[in-house]
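This briefing looks at how one chain is held together, taking its charged pairs and its nonpolar interior in turn.

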Amino acid sequence: AKSTPMGPSLVGSPGRKIAALGDYAYSTALKAKDGAWTDANLDAYLAAPGKFAPGGKMPAAMPAAADRAAVIAYLKTLK
(Lines give C-alpha, C1' and ligand atoms only; values in the text may rest on other atoms or scores of the structure.)
Protein backbone atom coordinates (compact mmCIF):
# COMPACT_ATOMS: atom_id res chain seq x y z
CA ALA A 1 0.00 0.00 0.00
CA LYS A 2 1.20 3.48 -0.82
CA SER A 3 1.71 5.68 2.21
CA THR A 4 0.39 9.23 2.24
CA PRO A 5 2.92 11.87 3.26
CA MET A 6 2.14 13.82 6.41
CA GLY A 7 2.46 16.99 4.37
CA PRO A 8 3.78 18.33 1.08
CA SER A 9 7.46 18.93 0.44
CA LEU A 10 8.54 22.29 1.82
CA VAL A 11 11.51 22.58 -0.54
CA GLY A 12 10.91 25.65 -2.64
CA SER A 13 7.80 26.67 -0.74
CA PRO A 14 8.76 30.35 -0.24
CA GLY A 15 7.49 32.13 -3.35
CA ARG A 16 5.57 29.10 -4.66
CA LYS A 17 1.83 29.33 -5.27
CA ILE A 18 -0.15 28.09 -2.25
CA ALA A 19 -1.27 24.45 -2.59
CA ALA A 20 0.54 24.05 -5.92
CA LEU A 21 2.26 20.66 -5.74
CA GLY A 22 0.49 18.00 -7.75
CA ASP A 23 1.67 15.09 -5.60
CA TYR A 24 -0.10 16.11 -2.38
CA ALA A 25 -3.83 16.06 -1.56
CA TYR A 26 -4.27 19.55 -0.13
CA SER A 27 -7.35 20.44 1.89
CA THR A 28 -10.15 22.28 0.14
CA ALA A 29 -9.46 25.19 2.51
CA LEU A 30 -5.83 25.55 1.42
CA LYS A 31 -6.64 25.03 -2.26
CA ALA A 32 -9.08 27.94 -1.99
CA LYS A 33 -6.30 30.34 -0.93
CA ASP A 34 -5.00 32.70 -3.59
CA GLY A 35 -1.44 33.90 -3.87
CA ALA A 36 1.97 32.56 -3.01
CA TRP A 37 3.85 31.57 0.11
CA THR A 38 5.22 34.99 0.97
CA ASP A 39 6.96 35.58 4.29
CA ALA A 40 3.72 37.12 5.60
CA ASN A 41 1.57 34.18 4.43
CA LEU A 42 4.00 31.62 5.84
CA ASP A 43 4.10 33.51 9.14
CA ALA A 44 0.29 33.72 9.35
CA TYR A 45 -0.08 30.04 8.46
CA LEU A 46 2.48 28.85 10.98
CA ALA A 47 1.06 31.13 13.70
CA ALA A 48 -2.54 29.97 13.27
CA PRO A 49 -3.15 27.43 10.49
CA GLY A 50 -6.85 27.11 11.34
CA LYS A 51 -7.33 30.86 11.07
CA PHE A 52 -5.30 31.12 7.84
CA ALA A 53 -7.18 28.26 6.16
CA PRO A 54 -10.20 27.18 8.25
CA GLY A 55 -10.79 23.46 7.72
CA GLY A 56 -7.18 22.77 6.71
CA LYS A 57 -5.11 19.73 7.68
CA MET A 58 -2.25 21.43 9.59
CA PRO A 59 -2.53 20.02 13.14
CA ALA A 60 -0.36 22.45 15.10
CA ALA A 61 0.51 26.11 15.37
CA MET A 62 3.87 27.73 16.10
CA PRO A 63 3.03 30.59 18.48
CA ALA A 64 6.55 32.02 18.99
CA ALA A 65 7.37 34.71 16.39
CA ALA A 66 11.11 34.02 16.64
CA ASP A 67 10.53 30.32 15.91
CA ARG A 68 8.38 31.15 12.88
CA ALA A 69 11.02 33.57 11.58
CA ALA A 70 13.69 30.88 11.97
CA VAL A 71 11.59 28.29 10.11
CA ILE A 72 10.87 30.74 7.27
CA ALA A 73 14.58 31.64 7.01
CA TYR A 74 15.45 27.92 6.93
CA LEU A 75 12.85 27.19 4.23
CA LYS A 76 14.54 29.82 2.05
CA THR A 77 17.79 27.81 2.20
CA LEU A 78 16.22 24.59 0.87
CA LYS A 79 16.87 23.89 -2.79
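Is D43 buried, partly exposed or exposed? In this predicted model, D43 counts as partly exposed, because its relative accessibility is 27% and the buried class requires a value under 20%.

**Salt bridges**

- A search of the whole structure finds two salt bridges, and D43 takes part in one of them, its partner being R68, with the closest N and O atoms 2.6 Å apart.
- Since R68 lies in helix α4 and D43 in helix α2, this pair ties together parts that are 25 residues apart in sequence.
- R68 is buried, with a relative accessible area of 9%, whereas its partner D43 is partly exposed.
- The side chains of D39 and K76 also meet in a salt bridge, at 2.8 Å from N to O, and this pair links helix α2 with the segment after α4, across 37 residues.
- D39 is partly exposed at 39% relative accessibility, and K76 is likewise partly exposed, at 42%.

**Nonpolar core**

- The largest nonpolar core has 14 residues, and those with the most contacts inside it are I18, L30, W37 and F52.
- Helices α1 (28–31), α2 (39–47) and α4 (65–75) each supply at least two residues of this core, the largest share, three residues, coming from α2.
- Beyond its neighbours within four places in sequence, I18 is in contact with residues including L30, W37 and F52.

**The buried face of α2**

- L42, Y45 and L46 are buried in α2, and because the buried residues fall within an arc of 95 degrees when seen down the axis, they line one face of the helix.
- These buried residues pack against α1, α3 (49–52) and α4.

Methods: Residues are numbered from 1 along each chain as its sequence is written. This is a predicted model: local features need pLDDT of at least 70, side-chain atom pairs count only at pLDDT 80 or more; totals for chains, interfaces and linings use all residues. Side-chain values use heavy atoms; hydrogens and water are left out. A nonpolar core is a set of buried Ala, Val, Leu, Ile, Met, Phe, Trp, Tyr and Cys residues joined through side-chain atoms within 4.5 Å. Buried means under 20% relative accessible area, exposed over 50%, partly exposed in between (1.4 Å probe, protein chains only). Helices (H or I, at least four residues) and strands (E, at least two) are DSSP runs, numbered from the N terminus. Contact means heavy atoms within 4.5 Å. The arc is that of the directions from the helix axis to the C-beta atoms. A salt bridge is a side-chain nitrogen of Lys or Arg within 4 Å of a carboxyl oxygen of Asp or Glu.
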